[in-house]
Amino acid sequence: MFDLSGKVALVTGGSRGIGRAVSVTLAKAGARVIVNYAGNEAAAAETLELVRQAGSDGEILRFDVSDPEAVDAAIADAAKRHEGLHILVNNAGIALDQLLLRIKPEELEKTMAVNVGGALWCAKAAIRLMMRKRYGRVINLTSVVGEAGNAGQAVYSASKAGIIGLTKTLAREYASRGVTVNAVAPGFIETDMTASLPDKVKEDAIAQTPLGRMGSPEDIAHAVLYLASEEAGFITGHVLRVNGGMQI
């Protein structure tokens, strides 16, 4: 069950947090994993070592997901080295939180370029390869706030809502070519980003979660693994909520 032997996966933003957990989980299922990173090479190398400890292999690959030319070149070259690309996990993202009246134009531009543009450019490059083989899995990471909203996250919420629209559109465009496109919407997850939040914010978030705890990166990784598997072959255009009941 959930055997990815012989498959090649690219995980963007794979150096830490959810991206690292996804990389290791896919490796445990047998996939060769390409770990994308933007700046922290040491952290990406740590992820690759964990991939190898999980019994698989891969490489680290630096490129900026918001740069379409860099994305095209990096993904095409990696696919040549690994003789294909079967799974793309669009995990890379940023959050520049501000109340509406404090948002600066550059914060909107950067967030949309990375979160929405990054997913779009990577999907474009990957699907171009996948459709030739008439097989592919694209999994986009959105967020509970993309559907429910959250005070102080107007730009981030808009970008994650954009990911949902992108997911559903690409699912319709490429289903006939054997490519499924789905999204995973995490709730409140234990990562470096949430670790720095005030205790009161964490307590409030947990109070809004019926299961009564924060999620782990592995909770998200297991959902990604399912959508990347053969068992999920009849699912496309779906948003899988992994949020402990925070939004139902």
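Two residues are in contact when heavy atoms of theirs lie within 4.5 Å, and in this predicted model residues 24 or more positions apart account for 74% of the contacts in the chain with a separation of 6 or more.

**Figure 1. The whole chain, with its nine helices and seven strands**. The radius of gyration of this chain is 17 Å, close to the 18 Å that the globule rule gives for 248 residues, so the chain is as compact as a globular protein of that length. Along its principal axes, the C-alpha trace spans about 50 × 35 × 35 Å. Buried residues, meaning those under 20% relative accessible area, make up 50% of the 248 residues.

**Figure 2. The open sheet of seven strands**. The strands of a sheet pair through backbone hydrogen bonds, either parallel or antiparallel. In this sheet the pairing is parallel, and the strands follow the order 3-2-1-4-5-6-7. Strand 3 (58–62) and strand 7 (239–242) stand at the edges with a single partner strand each, so one side of each is left without a neighbour in the sheet. From one strand to the next, the twist averages 20°.

**Figure 3. Strand 5 and its pairing with strand 4**. Strand 4 (residues 87–90) and strand 5 (residues 136–141) are joined in the parallel sense over four bridges. Leu88 has Val138 of strand 5 as its bridge partner, and Asn90 has Asn140 as its bridge partner in that strand. In a regular strand the side chains alternate between the two faces of the sheet. For strand 5, both faces are covered, with Gly136, Val138 and Asn140 buried on one side and Arg137, Ile139 and Leu141 buried on the other. Counted along the strand, six of the six residues of strand 5 are buried.

**Figure 4. Helix 4 and the kink centred on Gly117**. Helix 4 (residues 105–133) has 29 residues, and the distance from its first C-alpha to its last is 41 Å, close to the 42 Å expected at 1.5 Å a residue. Within this helix there is a kink of about 40°, centred on Gly117. Helix 4 lies across strand 4, strand 5 and strand 6 (179–186), and it runs at about 175° to strand 4. Another view of a helix against the sheet is given by helix 2 (residues 41–53), which lies across strand 2 (32–37) and strand 3 and runs at about 165° to strand 3.

**Figure 5. Two residues with a positive phi, Arg134 and Glu83**. Arg134 follows helix 4 and is found in the loop between helix 4 and strand 5. Although Arg134 is not a glycine, its phi is positive, at about 55°. Glu83 is likewise a residue other than glycine with a positive phi, in its case near 60°, and its place is in the loop between helix 3 (68–82) and strand 4. With a relative accessible area of 74%, Glu83 is exposed, because the cut-off for that word is over 50%.

**Figure 6. Thr142 and Ser143 in the loop between strand 5 and helix 5**. Thr142 is found in this loop, and at 3% relative accessibility it counts as buried. When residues up to four places away in sequence are not counted, Thr142 touches Lys160, Ile163, Ile164, Ala183, Val184, Ala185, Pro186 and Val239. Thr142 and Thr167 are 25 residues apart in sequence, and their C-alpha atoms are 9.6 Å apart in space. Ser143 also lies in the loop that leads to helix 5 (145–148), and at 7% relative accessibility Ser143 counts as buried. On the same basis of counting, the residues that Ser143 touches are Tyr156, Lys160, Ala185 and Pro186.

**Figure 7. Lys7 in the segment before strand 1**. Lys7 is found just ahead of strand 1 (8–11) in the sequence, and at 16% relative accessibility Lys7 counts as buried. Leaving aside its neighbours within four places in sequence, Lys7 is in contact with Ala31, Arg32, His86, Ile87, Tyr135 and Glu230. Lys7 and Ala126 are 119 residues apart in sequence, whereas in space they are 14 Å apart, C-alpha to C-alpha.

Definitions and conventions. Residues are numbered from 1 along each chain as its sequence is written. This is a predicted model: local features need pLDDT of at least 70, side-chain atom pairs count only at pLDDT 80 or more; totals for chains, interfaces and linings use all residues. Side-chain values use heavy atoms; hydrogens and water are left out. Helices (H or I, at least four residues) and strands (E, at least two) are DSSP runs, numbered from the N terminus. The expected span of a helix is 1.5 Å times one less than its number of residues. The bend at a residue is the angle between axes fitted to the seven residues ending there and the seven starting there. Two strands pair if DSSP finds at least two bridges between them. Axes are lines fitted to C-alpha atoms, for helices over the stretch in contact, and angles run from 0 to 180 degrees between N-to-C directions. Buried means under 20% relative accessible area, exposed over 50%, partly exposed in between (1.4 Å probe, protein chains only). The radius of gyration is taken over C-alpha atoms; the globule rule is 2.2 Å times the number of residues to the power 0.38.
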